[in-house]
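Reader: I am new to this structure. Please pick one part, look at it closely, and then work outward from there.

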Amino acid sequence: MIKLIVLDVDGTLTDGKLYVTNFGDEMKAFNVKDGLGITQAISQGKEVAIITGKTSQIVTKRCQELGIKEIHQGIKNKIATLDLILEKYSISYDNVAYMGDDLIDLAVMKKCKLTGAPKDSVEEILKISDFISTKNGGDGAVREFIEYILKKENLWSNVVNHFIPTEQ
């Protein structure tokens with residue numbers, strides 16, 4: 001069973017483009033479907049963690065809105081960071097799903113039980129991924145991966161039923 005879903009940000013939760021204004025302000029776009037998927041994974045007892053190479057207040061804000069507690073930014077060694085998270089929650093790599101898109105994710109993905117990738121990921125990531133989304137990064141790939149996990153564990157109907165009003 002998957003207990004922890006780990007996500008990269010740029011190229012996975014976003015389209016990987018960095019928009020920078022003349023004033024140096026950075027902008028990123030997040031897909032609301034990914035956000036709903038994340039909140040529903042959390043509602044079904046999954047921990048969700050972000051481990052990303054860049055650092056951005058935008059990511060912190062979005063994660064806080066979604067209820068993600070494990071937000072790790074500016075990380076070059078993703079294995080070391082994930083090891084600390086696993087120790088904190090007493091989880092093993094056999095209970096980890098990881099979605100990434102680029103070479104910085106390669107080593108850590110090789111250690112995880114279940115791996116996923118947006119369809120526009122680099123070839124090396126696509127080759128080792130158990131699940132390849134029909135969507136590009138930032139276009140709902142994370143949502144698709146989460147649905148895949150929850151359906152595999154017979155939890156998706158709980159999510160769907162949450163949105164169906166009960167008769168009074």
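Author: Helix α6 covers residues 141–152, which makes 12 residues. From its first C-alpha to its last, α6 reaches 17 Å. That is close to the 16 Å expected at 1.5 Å a residue. Keep in mind that this is a predicted model.

Start with the buried side of α6. Its buried residues are A141, V142, R143, F145, I146, E147, I149 and L150. What lies over them? The cover includes the strands β1 (4–7), β6 (96–99), β7 (114–117) and β8 (131–132). The helices α1 and α7 are also part of that cover.

Two charged residues in that buried set deserve a look. Take R143, which sits in helix α6. R143 counts as buried because its relative accessibility is 18%, and the cut-off for buried is under 20%. Setting aside neighbours within four places in sequence, R143 is in contact with K33, D34, L36, G37 and W156. Now take E147, also found in helix α6. E147 has 18% relative accessibility too, so E147 counts as buried. How far is E147 from D83? Their C-alpha atoms are separated by 25 Å. Along the chain, E147 and D83 are 64 residues apart.

Next, the packing of α6 against α1. The axes of α1 and α6 are 7 Å apart, and the angle between these helices is about 30°. Angles under 35 degrees count as roughly parallel, so α1 is roughly parallel to α6. On the α1 side, the contact is made by K33, D34, L36, G37, I38, Q40 and A41. On the α6 side, A141, V142, R143, I146 and L150 take part. The crossing of α1 past α6 is left-handed.

One strand residue also meets α6. M99 belongs to strand β6. Buried or exposed? M99 has 0% relative accessibility, so M99 counts as buried. Among the contacts of M99 outside its neighbours within four places in sequence are A141, V142 and F145. Other partners of M99 include V6, L7, D8, T12, G116, A117, P118 and S133. G74 is 25 residues from M99 along the chain. The C-alpha atoms of M99 and G74 are separated by 17 Å.

Now leave the helix at its far end. After α6 comes N154, with a positive phi near 55°. N154 is not a glycine. Most residues other than glycine have a negative phi. N154 lies in the loop between α6 and α7. N154 counts as exposed because its relative accessibility is 65%. S90 is another residue other than glycine with a positive phi, near 55°. S90 is placed in the loop between α3 (78–89) and β6. With a relative accessible area of 64%, S90 is exposed.

Beyond the loop comes α7, residues 156–162, which holds V160. V160 has a relative accessible area of 35%, so V160 is partly exposed. Which distance links V160 and Q40? Their C-alpha atoms are separated by 9.6 Å. Yet V160 and Q40 are 120 residues apart along the chain. Q40 is one of the α1 residues in the contact with α6.

Follow α1 back to the loop before it. K28 is found there, between β3 (26–27) and α1. K28 has 13% relative accessibility, so K28 counts as buried. Its side chain joins that of D10 in a polar contact of 2.6 Å. Beyond residues up to four places away in sequence, K28 touches D10, T14, L18, K54, S56, I58 and V59.

Three of those partners lead to helix α2, residues 57–66. S56 caps the N-terminal end of α2. A side-chain oxygen of S56 lies 3.1 Å from the backbone nitrogen of I58. V59 is one of the buried residues of α2. The others are T60, R62, C63 and L66. Their cover includes α1 (32–43), β4 (47–51) and β5 (70–72). So α1 is part of the cover for α2 and for α6. Just after α2 comes G67, whose phi is positive, about 90°.

Methods: Residues are numbered from 1 along each chain as its sequence is written. This is a predicted model: local features need pLDDT of at least 70, side-chain atom pairs count only at pLDDT 80 or more; totals for chains, interfaces and linings use all residues. Side-chain values use heavy atoms; hydrogens and water are left out. Buried means under 20% relative accessible area, exposed over 50%, partly exposed in between (1.4 Å probe, protein chains only). Helices (H or I, at least four residues) and strands (E, at least two) are DSSP runs, numbered from the N terminus. Contact means heavy atoms within 4.5 Å. A polar contact is a pair of N or O atoms within 3.5 Å; within protein, one must be able to donate a hydrogen and the other to accept it, and residues adjacent in sequence count only if both atoms are side-chain atoms. The expected span of a helix is 1.5 Å times one less than its number of residues. Axes are lines fitted to C-alpha atoms, for helices over the stretch in contact, and angles run from 0 to 180 degrees between N-to-C directions. Angles under 35 degrees count as roughly parallel, over 145 as roughly antiparallel, 65 to 115 as roughly perpendicular and the rest as oblique. A crossing is left-handed if the near helix is turned anticlockwise from the far one by less than a right angle, and right-handed if clockwise.
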